[in-house]
Amino acid sequence: MTRRVEPATTRISACDADLVLHTSIGLADHQALLQELIDDTPWQQQDITVFGKTWPQPRLVAWYGDPEASYSYSGLVQQPLPWTDRLNELRERVEQLAGHSFNSVLLNYQCTCTAVILLAGASAAYSHMYS
């Protein structure tokens, strides 16, 4: 079990919203955990087609979750890998903080030496992430 420290949270007031930003979820060994996830995750890099051109995704991904938690975007369908013990531990911690349950997680890894291709509008559900 990962040793815990007090989580760091900030409340943000917004029009018609009450937001809580968790800048830390209270894990004492977060750097070791990050390295463990980088080293042990079966990363994939898939091709995506945008405006008729096919490109390699500018990041590595791994989709974990409950068996029924398939995920699709930009014409790609991801079937989840089963939860690892560490990811399940993280999920439980995040569920405690959020007060909600989660059935999946998308891990993303991008080396700083890769180029980012801006895909504004390519996938309506995620276009806000690129604008």
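**Note on the predicted model**

1. Strands E3 and E4 make a hairpin in which two residues lie between them, and Phe51, in the turn, has a positive phi of about 50°. The structure is a predicted model. E3 spans residues 47–50 and E4 spans residues 53–56, with Phe51 in the loop between them. The two strands run antiparallel and are joined by four bridges. One of the pairings can be named: Val50 has Lys53 in E4 as its bridge partner.

2. The two faces of E3 differ in cover: Ile48 and Val50 are on the covered face, whereas Asp47 and Thr49 are on the uncovered one. Phe51, which follows in the turn, is exposed, because its relative accessible area is 71% and the cut-off for exposed is over 50%. In general, nonpolar side chains in soluble globular proteins tend to be buried together. A reader checking the hairpin may want to look at this aromatic side chain, given its exposure of 71%.

3. Positive phi values deserve a check, as most residues other than glycine have a negative phi. Phe51 is one such residue, with phi near 50°. Asp16 is another non-glycine residue with a positive phi, in this case near 60°. Asp16 lies in the loop between strand E1 (8–14) and strand E2 (17–24). Its relative accessibility is 79%, so Asp16 counts as exposed. Gly99, just after helix H2, also takes a positive phi, of about 70°, but here the residue is a glycine.

4. The largest nonpolar core has nine residues: Leu27, Leu33, Leu37, Ala62, Tyr64, Trp83, Leu87, Leu90 and Leu107. Helix H1 (30–40), strand E5 (60–65) and H2 each contribute at least two of them. A second core, separate from this one, has seven residues, including Ile48, Val50, Trp63 and Tyr71. Ile48 and Val50 are the residues of the covered face of E3.

5. Tyr64, a member of the largest core, has contacts beyond four places in sequence with Thr41, Pro42, Pro80, Leu81, Pro82, Trp83, Thr84, Leu87, Ser104, Val105 and Leu107. Among these, Trp83, Leu87 and Leu107 belong to the largest core as well.

6. Helix H2 has 14 residues, and its first and last C-alpha atoms are 20 Å apart, close to the 20 Å expected at 1.5 Å a residue. Its buried residues are Arg86, Leu87, Glu89, Leu90, Arg91, Arg93 and Glu95. They pack against H1, E5 and strand E8 (104–109). Leu87 and Leu90 are also in the largest nonpolar core.

7. How many salt bridges does the whole structure hold? A search finds five. In one of them the side chains of Asp18 and Arg11 meet, at 3.8 Å from N to O. Both partners are exposed: Asp18 has a relative accessible area of 55%, and Arg11 has one of 59%.

8. Arg86 and Asp29 form another salt bridge, with an N to O distance of 3.9 Å. This pair links distant parts of the chain, since Arg86 is in helix H2 and Asp29 is in the loop between E2 and H1, 57 residues apart. Arg86 counts as buried at 18% relative accessibility, whereas Asp29 is partly exposed at 28%.

9. Glu89 also forms a salt bridge with Arg86, and the closest N and O atoms are 3.7 Å apart. The two are three residues apart in helix H2, so about one helical turn separates them. An α-helix has 3.6 residues a turn, so residues three or four places apart point the same way. Glu89 counts as buried at 15% relative accessibility. Salt bridges with shared partners join Asp29, Glu36, Arg86 and Glu89 into one network.

10. What is the nearest side chain of opposite charge to Glu95? It is Arg91, at 4.3 Å. Glu95 is buried and has no salt bridge, because a salt bridge requires the nitrogen and the carboxyl oxygen to be within 4 Å. Glu95 is in helix H2 (residues 85–98). Leaving aside residues up to four places away in sequence, Glu95 touches His100, Ser101 and Phe102. By contrast, buried Glu89 in the same helix does have a salt bridge, with Arg86.

Notes:
Residues numbered from 1 in each chain as written. Predicted model: local features only at pLDDT ≥ 70, side-chain atom pairs only at ≥ 80, totals over all residues. Heavy atoms only, no water. Buried < 20%, exposed > 50% of the residue type's maximum accessible area, 1.4 Å probe, protein only. Lys, Arg positive; Asp, Glu negative; His and termini not counted. Contact = heavy atoms within 4.5 Å. Core = buried A, V, L, I, M, F, W, Y, C linked by side-chain atoms within 4.5 Å. Expected span 1.5 Å × (residues − 1). Pairing = 2+ DSSP bridges.
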